[in-house]
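Trainee: I should like to understand how descriptive terms are justified for a structure that is new to me. May I ask about them one at a time?

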Amino acid sequence: MKYQATAWKEIEGPCLKDFNEKEAVASVNGALALRPQIEKILDQIWDEGFDGIYFMGIGGTYASSMQVEVYMRGRSKLPVFVENAAEFLTTGNRRFTDKSVVIYSSVSGNTKEMVQLVDRVKEIGARVFAFIDTPGTVLTQPDKQDYLVMYPKNEQLKFYMAANYLMYKNGEFPQYERYNQEMEAHLAQALAQVEKDSDEWAYGYAKEQVAFRDAHPDLPHYFIGSGNQYGATYSYAMCYWEEQMWIRTKSISCQEFFHGMQEIIVSDTPVTLFMGEDEQRPLAERVARFLPRVNANYTIIDTKEHALEGIGEEFRGSISHLVMHGVNNRVDAYMELFLRHPLSIRRYYRQFDY
């Protein structure tokens, strides 16, 4: 115990814990370099035709699916839908046919619901475009997909790359080449800078949140967001704070916040608002105006505060969820420190059959 306590004390201030800038930049640039491969696959899908593009997932991958669907919904006339894998397996979707296309992502390559989903989709005769992080897993087998891209992490970026090309093919993204030039030249370094710029703030935020949790263990932390930040809000509350940190949370969209949740916010309720820069930002701004009137324990994380050098104003909204992810990476590193709880540990998830 003495050794363990000493090890934890080694970090006594912000220090970019668990951050390797070189690896972070290489990871994003490697994902961006997948563009020709993604475009080639989508050219084939386009030429063969389809009656719907379905982004499907479970847990965090469902959150990423929600992000890309809302991104396309206001920009494209393409028939794009989002489905939760477990709901699809039980309820189905009468619009889904053998001419439909599923796009999904899996980190482990063996998530139970996703394996079952792919089998069901293949029974129907639809095509499957998979992004898989882990080689040699169940979902990488040839009979499990029609198109496969293997590359770790960057799930949301890979989904948006697919979405952008689909909209370009449909004549809805005339800035596509300029957009990609900016992203491929500047995105990786801009996101790395977000983490560096957020580090000191994240240390203080994490320390305060863990202290408050220790004093109020039964009080949930409320996360609020909208647009492509709602997927971030949903997954961050559930997959990170609940699954990895074992902290009670609730996530809600900005638009629904005013229809119930606002009534249980009091002076010390812990609240974090994610503010992005897409078309739903006004919904978050409304929440931001309300919170100070009733609450003294709120935090607003606004992607607009980050410079994102080299990224044009018109494109910032399309990556604000990635900016938020960068900020939260720093928070996670210090939450792990102050909780004295490695985020890789699970009580129940994948520990036994259920």
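Mentor: Let us begin with a term: a residue is buried when its relative accessible area is under 20%, and exposed when that area is over 50%. Please keep in mind throughout that this is a predicted model.

Trainee: What makes strand 6 largely enclosed by the rest of the structure?

Mentor: Strand 6 covers residues 221–225, and five of its five residues are buried, so the strand is largely enclosed by the rest of the structure. His 221, Phe 223 and Gly 225 point one way, while Tyr 222 and Ile 224 point the other way, and all are buried.

Trainee: How many bridges join strand 6 to strand 7, and in which sense do the two strands run?

Mentor: Two strands pair if there are at least two bridges between them. Strand 6 and strand 7, the latter being residues 249–253, are joined by five bridges and run parallel. One of the residues involved is Gly 225, whose bridge partner in strand 7 is Ser 253. Between these two strands the chain passes through helix 9, residues 228–242, in a β-α-β crossover that is right-handed.

Trainee: Which bridges support the pairing of strand 6 with strand 8?

Mentor: Strand 8, residues 271–275, pairs with strand 6 in the parallel sense over three bridges. Within strand 8, Val 271 is the bridge partner of Tyr 222, and Thr 272 is the bridge partner of Phe 223.

Trainee: In what order do the strands of this open sheet stand?

Mentor: The order is 7-6-8-9, which makes four strands with parallel pairing.

Trainee: Why is one side of strand 7 and of strand 9 left without a neighbour in the sheet?

Mentor: Strand 7 and strand 9 (298–302) each have a single partner strand and stand at the edges, so one side of each has no neighbour in the sheet. From one strand to the next, the twist averages 20°. Helix 9 packs on this sheet and touches strand 6, strand 7 and strand 8; its direction makes about 175° with that of strand 7.

Trainee: Which strands form the other open sheet, and in what order?

Mentor: Five strands form an open sheet in the order 2-1-3-4-5, again with parallel pairing. Its edges are strand 2 (80–84) and strand 5 (147–150); each has a single partner strand, so one side of each lacks a neighbour in the sheet. Here the twist averages 20° from one strand to the next. Strand 1, residues 52–57, is joined to strand 2 by five bridges, and the two run parallel. As an example, Ile 53 has Val 80 as its bridge partner in strand 2. Helix 7, residues 155–169, packs on the sheet and touches strand 1, strand 3 (100–106) and strand 4 (127–132), its direction making about 155° with that of strand 3.

Trainee: Why is Ser 65 counted as buried?

Mentor: The cut-off for buried is under 20%. Ser 65 has 0% relative accessibility, so it counts as buried. This residue lies in helix 4, residues 60–73. Leaving aside residues up to four places away in sequence, Ser 65 touches Phe 55, Met 56, Gly 57, Val 82 and Phe 159.

Trainee: Why does Arg 346 count as buried?

Mentor: Its relative accessibility is 18%, and a value under 20% is called buried, so Arg 346 counts as buried. Arg 346 lies in the segment after helix 12 (320–339). Apart from residues up to four places away in sequence, Arg 346 touches Glu 243, Gln 244, Trp 246 and Gln 351. Arg 346 and Asn 295 are 51 residues apart in sequence, and their C-alpha atoms are 33 Å apart in space.

Trainee: How do you know that the radius of gyration of the chain agrees with that of a compact globule?

Mentor: For 354 residues, a compact globule would have a radius of gyration near 20 Å; the chain has 21 Å, so the two agree. The C-alpha atoms fill a box of roughly 60 × 45 × 45 Å along the principal axes. Buried residues make up 55% of the 354 residues. Of the contacts between residues at least 6 apart in sequence, 79% join residues at least 24 apart.

Trainee: How many helices and strands does the chain have?

Mentor: The chain has twelve helices and nine strands.

Definitions and conventions
Residues are numbered from 1 along each chain as its sequence is written. This is a predicted model: local features need pLDDT of at least 70, side-chain atom pairs count only at pLDDT 80 or more; totals for chains, interfaces and linings use all residues. Side-chain values use heavy atoms; hydrogens and water are left out. Buried means under 20% relative accessible area, exposed over 50%, partly exposed in between (1.4 Å probe, protein chains only). Contact means heavy atoms within 4.5 Å. A crossover is right-handed if, with the strands pointing away from the viewer, the path from the first strand over the helix to the second runs clockwise. Axes are lines fitted to C-alpha atoms, for helices over the stretch in contact, and angles run from 0 to 180 degrees between N-to-C directions. The radius of gyration is taken over C-alpha atoms; the globule rule is 2.2 Å times the number of residues to the power 0.38.
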